[in-house]
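Visitor: I've got a fold on screen and would like a quick tour. Could you walk me through it?

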Amino acid sequence: MALRTIRTLGDEILTKKCKDVKEITPRINELIDDMFETMYDAEGVGLAAPQVGVLKRIMIVDIGDDAPICLINPRIVDTDGEQTGNEGCLSVPGKVGKVTRPNYVKVLGFDREMKPVEVEGTELKARALIHEIEHLDGHLYTEKVEGALMDAEEAAAQEEEEMIQSDD
Ligand SMILES: [Zn+2]
């Protein structure tokens with residue numbers, strides 16, 4: 001396993017549409033292992049293959065609640081509700097922005113053995129799943145941010161302040 005370089009905003013590869021994976025080769029297995037290592041090293045909750053420079057429809061998510069998710073050729077088949085909150089991306093380091101997304105999502109895809117799988121999520125998990133799937137079509141959350149991108153540290157401090165105020 002090895003850490004891969006995370007491509008950042010402005011890198012053209014992040015705007016390209018990824019190709020379907022047809023079979024899991026040793027090279028793809030290695031890529032997936034490297035993606036997990038790279039995501040954990042960067043303390044992210046999700047990563048898509050184009051973020052490490054590979055234009056294939058592979059994404060991973062681990063929000064720390066249950067088993068890590070790896071999805072091949074994922075597609076959204078259902079959404080419901082709405083949530084608005086700050087979102088970040090390993091390809092846009094140090095920044096967050098307010099994005100509105102569905103509060104629930106159902107995704108069909110394949111696991112690492114190319115077995116069909118169904119993954120559902122709400123709240124952060126839904127947000128992460130949709131965010132990563134959008135990477136596979138060359139889209140970044142910065143395209144749908146409401147207002148300006150904020151400094152991640154400032155935004156965290158602001159959120160904390162709002163929580164203290166609502167305690168009064
Ligand atoms: Zn991202």
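Guide: Let's start on the face of helix 1 turned away from its buried side: Pro 26, Asn 29, Glu 30 and Asp 41 sit there, exposed. Exposed means 12 or fewer other C-beta atoms within 10 Å of a residue's own, buried means 20 or more, partly exposed is in between, and C-beta atoms are placed from the backbone. Helices (H or I, at least four residues) and strands (E, at least two) are DSSP runs numbered from the N terminus. This is a predicted model, where local features need pLDDT of at least 70 and side-chain atom pairs count only at pLDDT 80 or more, while totals for chains, interfaces and linings use all residues. Residues are numbered from 1 along each chain as its sequence is written.

Visitor: Which residues of helix 1 are buried?

Guide: Seen down the axis of helix 1, the buried residues fall within an arc of 95° (taken from the directions from the helix axis to the C-beta atoms), so they line one face. Their cover includes strand 1 (46-48) and strand 2 (58-61), with contact meaning backbone-placed C-beta atoms within 7 Å. The buried residues are Met 35, Thr 38 and Met 39.

Visitor: In strand 6, what is the bridge partner of Arg 75?

Guide: Strand 3 (residues 69-80) and strand 6 run antiparallel, joined by six bridges; two strands count as paired if DSSP finds at least two bridges between them. Arg 75 has as its bridge partner in strand 6 Leu 108.

Visitor: And in strand 7, what is the bridge partner of Leu 108?

Guide: Strand 6 also runs antiparallel to strand 7 (residues 116-122), with seven bridges joining them. The two form a hairpin with five residues between them, and Met 114 in the turn has a positive phi of about 65°. In strand 7, Leu 108 is bridged to Glu 118.

Visitor: Which side chains of strand 6 point to one face and are buried?

Guide: In a regular strand the side chains alternate between the two faces of the sheet. Along strand 6 (residues 104-110), Tyr 104, Lys 106, Leu 108 and Phe 110 point to the other face and are not buried. The buried set is Val 105, Val 107 and Gly 109.

Visitor: What is the strand order in the open sheet of three strands?

Guide: The pairing there is antiparallel. Strand 4 (83-87) and strand 8 (146-151) each have a single partner strand, so they stand at the edges with one side lacking a neighbour in the sheet. Strand 4 pairs with strand 5 (residues 95-101) over five bridges. The order is 4-5-8.

Key
Contact = placed C-beta atoms within 7 Å.
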